[in-house]
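This report describes selected local features of one protein chain for a reader working at the bench. Please consult the sequence and the model alongside the text.

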Amino acid sequence: MLISLEQVKKSFGAQTILEEVTAAIEDEDRIGLIGVNGAGKSTLLNLIVGDLECDEGVISRLNGLTIGFLRQNSGLERSSTIDREMHEVFRDLLDQKAEMERLEQALSALPEEAEEARNRLTDQYARLQTDFEQREGYLIDVKINTILNGMGFQDYDRGQCIENLSGGEKTRLAMARLLLEEPKLLILDEPTNHLDFRTLTWLEEYLSSYRGALLVVSHDRYFLDKLVGKIWEVENHHLLTYPGNYSKYVLLRQERREAQRKRYEAQQQEIAAIQDFVARNIVRATTTKRAQSRRNALERMEILEKPTAEARPPKLRFSYDREPVLDVLQVEDLQLYVGEGDQYKQLAAHINLSIRRGEKIALIGANGVGKSTLLKAIQRLIPSRYRFLQWGRNVRIGYYEQENRQLHPEKTALDELWDRFPNAYEQDIRGALGAVLLSGEAVKKQVKVLSGGERAKLAFAILMLERGNVLLMDEPTNHLDINSKEALDDSLQEFTGTVLLVSHDRYLLNKVPTKIIEMFPDHLEVYEGNYDYYMEKRRTPPVAPIREEKAPSVQQTNFYRSKKQRSQMVSLKKHLAEQEQLVNHLEQEIEDLQEKLTLPEFCSDYEKLTEATRELEQKQHQLEGEMDRWLQLNEELEQFTDAQ
C-alpha cells in the first residue's frame, strides 16, 4: 500500500470540505477522481501529497514514496531549454557518467608500472558502470526522445527556451518531465487538456503500462473509460469508491442511489408503523409491555439519513420552428487564411464540404489546422476564398463560439438575454436561465465575472432561445463539469436538426455524431460513423489495388536482337524486382522497429528496448548493403538497354 487515509477530515474555517474520508492507494492502482467543481478534489490531492494537513484522521505514506503531481507549469525552469530540462531529470546519472569519463581519462594517463592504482581505478569504474547499466543510463536519450515525441514535441527545436512556449506547451512539457521521473505515485490533474487526438492516444497507451500507481482528475470520460479501474467520487464532503471505469461507475452510482432510496423509504415505513403501534397500544394494559418494547427498539435503531438530492444537471433542449431544405450547405474549393501583413498565411485550401438535413457531423483534426476558422468562414464571419458557398433555404444557424467572445463582458447574464431577445416573454428569459442553472444572484453578475462553466451555460441559453435548425458548435464541452457534459450529450442526441461540431471530447464524439470528418490542410476525409469507428478505420490501412502487369507488345519483344539478349534482359529485370522487394521489406521492418521503440511497453522494459535497438542497427546495416546491390543492378540494366 502506497497511501492510506483513515477517517480524514478537512475544514477551512467553519466550512467543512471533507469528512470521514477513508481510502487507500495500492501499488498499481488506476484511479479516476471525479466530482462537481468545488466538491473538494483539489483539497484531497493536496492532503495526499502533504501540502495540507488534515484536521482529524490519519494519512499514512509508504517510506521512500515518490509522488509526481502535475501542476500548472509544474517544476519547469523557464530560462532552461527543452533538452536541458529533460536531461535534468537524470542529473545523478549524468554526473555518474561524467565521473566514469574522468576515470577513463585517469586510467589512460597512468604509467604502465602503476598497477595498484590501475586496479583501484578499474574496480571503481566497473562498479560505476554496472550501476549505470542497471539504472538504464545508456537509455537516457532513448527515453527522452520517446516521451517528447509521444507528447507532441517531435518537430520542436529542443534548444528552444521554455519561457517562449505557450501555456499549453508548458503543461505538456511538465507532464513529459513527470513521465521521465517515473514516480511510484503519479497524480495528474486534467492531463488531457491541450492534447490532440494523437497525443491523447499515445498517453493512454503509455499510462496503461506505467510501472506505478495513477491518480487522475479528469472530465475526459473517454480517457477515464480507457485508463482507470477504480473511480473515487467526492460528493457531499465524503469520498465514495466504485470499481471499474467511468461507464461502469455511471451504472453503479445509479444502482447505489436507488438502493439507498429504497432502504431509506423502507425504514421510514417501518418507523411509522412502530410509532403507530406504540401510539395505539401504550396505554392498554394488555399491550403496554409490547408497545414499550417496540418503542425501545425504535430508540436503538440507527436512523438512516435521507439521501441527498443529486446535483441537478442543466436542462438543455434545442428546438426549432421550420425545417430547412435537404441540402443544408454546399462548399467548394474553400481556402482559409489567418493573420495580416507579415503574419498572413494560408491554413487550408481545396476544402469541399456537403451537409444534408439532419446530419450530425464532428469536425476533427490537428491543432491549428483551421477547424474553428472553417466554422467562422462558412458563416462569412471572417474573409475567405471559395468557388462556391451556399446555405439552403430556411436554414437558421445557432453558433456556439469556443471562448464565448460574442458575450458582452460588461452586461449581466439577464441583460445579455433581454437585449438579444427584447420581444421575448420574461417567463421564457428566466426559464432559459433557470434551465441552465443560472438563477438568483447569478443572473445579476456581469459576464466578465462569471466562471467559464457559467459563461458556457449562458451561451447554451442563448442557443435555446435562438431556435436554430442548424447548430454550429466549437468545443462546446470546454469548461463543463461531467453532469453538464452528460446533459449536452443527451440534448444533441435528441435534437432532430443538423449539427456540425468541433470537439476533442471523445466520449461526446462516440455518442452524438454519425459522421466524422477529419480536416487536413488540403482536403477533408469522411468516416461514416462515430469516433470508435474512425479509430478502427485509421488503424486498418487501406488495401492497395492489385495492378495487373501488361504483357509486352509484339513490337517490344521484337526489339531485342536475339533470344539470348531477351533472356538476359528478363533475368536482369527479375533480379532487380526481387532486390527492390527486399529493399522495401527491409525499409518496412526498420520503420516498424522505429515505431516500436516509441511504444510504452518498450520504453519501460530495458531488455526489450536493448534487443529492439540492436535489431534496428543490424537491419539498417543490412539495408545499406542491399541498396548498393540494387543500385548496381540498376546500372547494369541501363548499360544493357543502351547497348541494344
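The paragraphs below treat a sheet with its helix, a covered strand and its partners, a helix with one buried side, and three loop residues.

The model is predicted, and the descriptions that follow should be read accordingly.

**The sheet β2-β1-β4**

Three strands form an open, antiparallel sheet in the order β2-β1-β4. Its edges are β2 (15–25) and β4 (56–61), each of which pairs on one side only. On average, neighbouring strands of this sheet are turned by 25° against each other, direction ignored. Strand β1 (residues 3–12) is joined to β4 by five bridges in the antiparallel sense, and S4 stands opposite S60 in β4. Helix α1 (residues 41–49) packs on the sheet and touches β1, β2 and β4. The direction of α1 makes about 125° with that of β1.

**Strand β12 and its partners**

Strand β12 (360–365) is mostly covered, with six of its six residues buried. In a regular strand, side chains alternate between the two faces of the sheet. Both faces of β12 are covered: K360, A362 and I364 are buried on one side, and I361, L363 and G365 are buried on the other.

β12 pairs in the parallel sense with strand β16 (residues 498–502) and also runs parallel to β17. Strand β17 (515–520) in turn is followed by β18 (523–527), and a hairpin of two residues joins β17 to β18. The pairings of these strands are set out in the table.

| Strand pair | Sense | Bridges | Residues opposite each other |
|---|---|---|---|
| β12 and β16 | parallel | four | I361 and L500 |
| β12 and β17 | parallel | five | A362 and I516 |
| β17 and β18 | antiparallel | five | I516 and Y527 |

Residue I516 thus appears in two pairings: it stands opposite A362 of β12 and opposite Y527 in β18.

**Helix α17**

Which residues of helix α17 (residues 531–539) are buried? They are Y531, Y534 and M535. These residues lie on the same side of α17, because they cover an arc of only 95° around the axis. The cover over the buried residues of α17 includes the strands β12, β17 and β18 described above. It also includes the helices α7 (197–208), α8 (221–227) and α16 (506–511). At the N-terminal end, α17 is capped by N530, a side-chain oxygen of which lies 3.4 Å from the backbone nitrogen of D532.

**Residues in loops**

Residue T192 is located in the loop between β6 and α7. Is T192 buried or exposed? With a relative accessibility of 10%, T192 counts as buried. Apart from neighbours within four places in sequence, T192 is in contact with L200, S218, D220 and F223.

Two further loop residues have a positive phi although they are not glycine: E182, with phi near 50°, and L437, with phi near 70°. E182 is found in the loop between α6 (167–181) and β6 (185–189). The relative accessible area of E182 is 30%, so this residue is partly exposed. L437 belongs to the loop between α13 (426–435) and α14 (452–466). The relative accessible area of L437 is 28%, and L437 is therefore partly exposed.

Key:
Residues numbered from 1 in each chain as written. Predicted model: local features only at pLDDT ≥ 70, side-chain atom pairs only at ≥ 80, totals over all residues. Heavy atoms only, no water. Buried < 20%, exposed > 50% of the residue type's maximum accessible area, 1.4 Å probe, protein only. Arc of directions from axis to C-beta. Contact = heavy atoms within 4.5 Å. Polar contact = N/O pair within 3.5 Å; in protein donor to acceptor, adjacent residues only side chain to side chain. Pairing = 2+ DSSP bridges. Axes fitted to C-alpha atoms, helices over the stretch in contact; angles between N-to-C directions.
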